[in-house]
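Thanks for coming. I will go through one model this morning, starting with its sheet and ending with its charged pairs.

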Amino acid sequence: MDGFYKGAPNGWPCWSFSNHDVIRHVTRWGSHGISRDALARQTIAMLLSFRGTACLYQGEELGLPEADLAFEELTDPPGIRFWPEYKGRDGCRVPIAWEDGPAPNGFTTGKPWLPVKPELSALNVAHQNADAHSMLNHYRAMLALRREHDELAHGDMRFFRTSEPVLAYRRDYEGKALLCAFNLSTEPVSVRLVKAAGAKLLEPSAADLKGATLNLPANGFAFIALDDGAPEARIAYRHAKPTA
């Protein structure tokens, strides 16, 4: 990201983690998550806090994984030709499940081009709409956070010098600032805030702030608002320490 902005200081990037030609990111990055749900929540928190335009691929707001299709269910020519070494792009292109009940869950009254598998059927929109803690409502909360804070939508982005497994940066805009921190591991860690006057943890963070100590669970993330921008505020440590 630093390289992009140095090379194109007046540029405006577009970021995405999934699209119709690649394995869905919650499946592709599964080994980095303590659970698929935790990984999905963290990755949208990251994506919507980057400087630039965020692109969401249909179904990721439901936490959809890559569908596991049988050979006879494939429609994508490369997948058919190179099976099983390459299974094609059908796994990320299956229909959205809208309603509770059996497949195809309100997507069509006929037979869809690709099947809706039971695992994806259970992640339907109707069910998630009714669950305040669902992935769909987490995406809505993250989108609301970005709309409410111009720092995330328009602000400058400055990375802190951190070590694995924590990624941290701040977003600044017109005297306001947010610190953003992410634990990119499956073990909890804690870090320390420095000169972070009036630090306030914002929802929907997945973290705990006690004084100047920020505890990040596995795949945790935090958005921290600062009083008057606190220009010297930072997340300071050489090595993130496991929490007790």
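How many bridges join strand 4 to strand 5, and in which sense do the two strands run? There are 8 bridges between strand 4, residues 166–173, and strand 5, and the two run antiparallel. Within that pairing, alanine 168 has alanine 181 of strand 5 as its bridge partner. Please keep in mind that this is a predicted model.

Now the sheet as a whole. It is an open sheet of 5 strands in the order 3-4-5-10-7, and the pairing is antiparallel. Strand 3, residues 156–159, and strand 7 are the edge strands, each pairing on one side only.

Strand 10 pairs with strand 5, residues 176–183, in the antiparallel sense over 5 bridges. One of the partnerships here puts cysteine 180 with phenylalanine 223 of strand 10. Strand 7, residues 200–201, is joined to strand 10 by 2 bridges, again antiparallel, and lysine 200 stands opposite alanine 225 of strand 10.

Is strand 10 enclosed or open? Of its 5 residues, 221–225, 5 are buried, so the strand is largely enclosed by the rest of the structure. Both of its faces are covered: Phe221, Phe223 and Ala225 are buried on one side, and Ala222 and Ile224 on the other.

Next, helix 3, residues 36–47. Its 12 residues should span 16 Å at 1.5 Å a residue, and the end C-alpha atoms are 16 Å apart, which agrees. This helix is also largely enclosed by the rest of the structure, because 10 of its 12 residues are buried. The buried set includes Arg41, Gln42 and Thr43 as well as Ile44, Ala45 and Met46.

That brings me to the cores. The largest nonpolar core has 25 residues, and Phe50, Met142, Phe182 and Phe223 touch the most other members. Helix 3, helix 7 (135–148), strand 5 and strand 10 each give two or more residues to this core. Helix 3 gives the most, with 5 residues. Apart from this core lies another, of 18 residues, with Phe160, Val166, Leu179 and Leu214 among them. Leaving out residues up to four places away in sequence, methionine 142 touches Ile44, Ala45, Leu48, Pro204 and Phe223.

On to charge. Glutamate 151 is in helix 8, residues 150–154. What is the nearest side chain of opposite charge to glutamate 151? It is lysine 176, 5.9 Å away; glutamate 151 is buried yet has no salt bridge. With residues up to four places away in sequence set aside, its contacts are Arg171, Tyr173, Lys176, Ala177 and Leu178.

The structure does hold 8 salt bridges. One of them joins glutamate 119 to arginine 36, with the closest N and O atoms 2.7 Å apart. This pair links distant parts of the chain, 83 residues apart: glutamate 119 is in helix 5, residues 118–121, and arginine 36 is in helix 3. Glutamate 119 counts as partly exposed at 42% relative accessibility, and arginine 36 counts as partly exposed at 34%.

Arginine 89 and aspartate 76 form another, with closest N and O atoms 2.7 Å apart. Arginine 89 is partly exposed at 23%, whereas aspartate 76 is buried at 4%. A third example is arginine 170 with aspartate 172; here arginine 170 is buried, with a relative accessible area of 1%. Finally, salt bridges that share partners join Asp21, Asp76, Arg89 and Arg93 into one network.

Definitions and conventions. Residues numbered from 1 in each chain as written. Predicted model: local features only at pLDDT ≥ 70, side-chain atom pairs only at ≥ 80, totals over all residues. Heavy atoms only, no water. Buried < 20%, exposed > 50% of the residue type's maximum accessible area, 1.4 Å probe, protein only. Helix = DSSP H or I, 4+ residues; strand = E, 2+ residues; numbered from the N terminus. Pairing = 2+ DSSP bridges. Expected span 1.5 Å × (residues − 1). Core = buried A, V, L, I, M, F, W, Y, C linked by side-chain atoms within 4.5 Å. Contact = heavy atoms within 4.5 Å. Lys, Arg positive; Asp, Glu negative; His and termini not counted. Salt bridge = Lys/Arg side-chain N within 4 Å of Asp/Glu carboxyl O.
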